Amino acid sequence: MDKLRRSLVVAIALSPLAARAQPAGGTGAYTALENPLPTESPGKIEIAEFFWYGCIHCYNLEPLLEKWVPALPADIQFRRIPAVFNERWAHDATIYYAFEAQGVLDKLHRPFFDAIHRDRLKSDNPAALAEWLTKNGLEPKKFDATMKSFGVQSKMKRAAQLTGASRIDGTPALMVQGRYTISAEQGKTREGLLATADAVAGMVRKSLASRK
């Protein structure tokens with residue numbers, strides 16, 4: 001078993017248990033984790049999206065996110081986490097973090113989604129990926145080196161750990177404040193998924209206010 005596969009297996013094996021799903025005030029349902037996960041947004045309520053570039057449901061959610069995220073309250077921070085369930089998903093996670101490392105994530109995130117689902121780009125085909133990168137102003141060899149870099153590989157492995165620890169079983173899924181997860185099934189619809197996240201974030205906001 002190679003190092004990547006072993007790290008993915010360990011990440012899932014160390015996952016904490018989750019509590020039963022609970023209703024979220026007239027919207028969808030959510031699941032409360034028994035062991036909350038760390039967030040990266042100090043002083044903010046964090047909403048994270050677990051996604052995979054190859055997921056058609058994630059792709060279809062993207063237009064809604066593009067409208068929803070800019071309209072979030074000032075006390076909420078949104079971030080994306082590329083879900084990692086296996087080596088194929090790990091590959092696409094490294095592409096996401098390589099975009100980030102090269103400072104082109106905002107520019108190429110949606111076009112890469114489009115290329116996969118509209119233009120049938122096979123992201124795990126080296127020649128096809130290199131051609132797409134070149135067309136979008138990136139040097140394939142440099143990008144490949146970035147994908148293999150320590151920083152990108154570390155972030156991918158961290159994403160794998162969070163995927164396992166969150167106990168999600170598919171994408172898209174949202175996680176609020178590292179404590180509550182909402183699956184596509186729990187949200188029922190794309191709009192319901194986001195509305196449930198809004199409701200859970202409101203619940204977190206009230207809880208934080210009561211502690212002051």
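Which side chain does Asp124 meet in a salt bridge? It's Arg88, and the panels below start from an overview before coming back to that pair.

**View 1. The whole chain, a predicted model with 9 helices and 6 strands.** Since this is a predicted model, local features need pLDDT of at least 70 and side-chain atom pairs count only at pLDDT 80 or more, while totals for chains, interfaces and linings use all residues. Residues are numbered from 1 along each chain as its sequence is written, and side-chain values use heavy atoms, with hydrogens and water left out. Helices (H or I, at least four residues) and strands (E, at least two) are DSSP runs, numbered from the N terminus. Of the 212 residues, 47% count as buried; buried here is under 20% relative accessible area, exposed is over 50%, and partly exposed is in between (1.4 Å probe, protein chains only). The chain has about 10900 Å² of accessible surface, 54% of it on carbon and sulfur atoms (Shrake-Rupley method, 1.4 Å probe; for residues, only the protein chains shown count as cover). Take the contacts (heavy atoms within 4.5 Å) with a separation of 6 or more: 72% of them come from residues 24 or more positions apart.

**View 2. Asp124 and Arg88, joined by a salt bridge.** A salt bridge is a side-chain nitrogen of Lys or Arg within 4 Å of a carboxyl oxygen of Asp or Glu, and here N to O is 3.3 Å. The two ends come from distant parts of the chain, 36 residues apart: Asp124 sits in the loop between H4 and helix H5 (126-135), and Arg88 in helix H3 (residues 87-101). Asp124 is partly exposed at 43% relative accessibility, and Arg88 is partly exposed too, at 27%.

**View 3. Glu66 and Arg110, a salt bridge linking H2 to H4.** The closest N and O atoms are 2.6 Å apart. This is another link between distant parts of the chain, with Glu66 in helix H2 (residues 56-68) and Arg110 in helix H4 (residues 105-117), 44 residues apart. Glu66 counts as partly exposed, with a relative accessible area of 37%; Arg110 is partly exposed as well, at 24%.

**View 4. Lys148 and Asp144, one more salt bridge.** The closest N and O atoms of this pair are 3.1 Å apart. Lys148 is exposed, at 59%, whereas Asp144 is partly exposed, at 35%. Elsewhere, salt bridges with shared partners tie Glu40, Glu46 and Arg79 into one network. The full tally is 13 salt bridges.

**View 5. H3 crossing H6.** Two packed helices are described by the angle between their axes and the distance between the axes. The axes of H3 and H6 come within 9 Å and cross at roughly 110°; axes are lines fitted to C-alpha atoms, for helices over the stretch in contact, with angles from 0 to 180 degrees between N-to-C directions. That makes H3 roughly perpendicular to H6 (under 35 degrees is roughly parallel, over 145 roughly antiparallel, 65 to 115 roughly perpendicular, and the rest oblique). From H3, His91, Thr94, Ile95, Ala98, Phe99 and Ala101 meet Phe143, Thr146 and Met147 of H6. By class that's 6 nonpolar, 3 polar and no charged residues; Ala, Val, Leu, Ile, Met, Phe, Trp, Tyr, Cys and Pro count as nonpolar, Asp, Glu, Lys and Arg as charged, and the others, Gly among them, as polar.

**View 6. Ala145 in helix H6 (residues 140-147).** Ala145 is partly exposed, at 45% relative accessibility. The C-alpha atoms of Ala145 and Ala98 are 9.1 Å apart, with their positions 47 residues apart along the chain.
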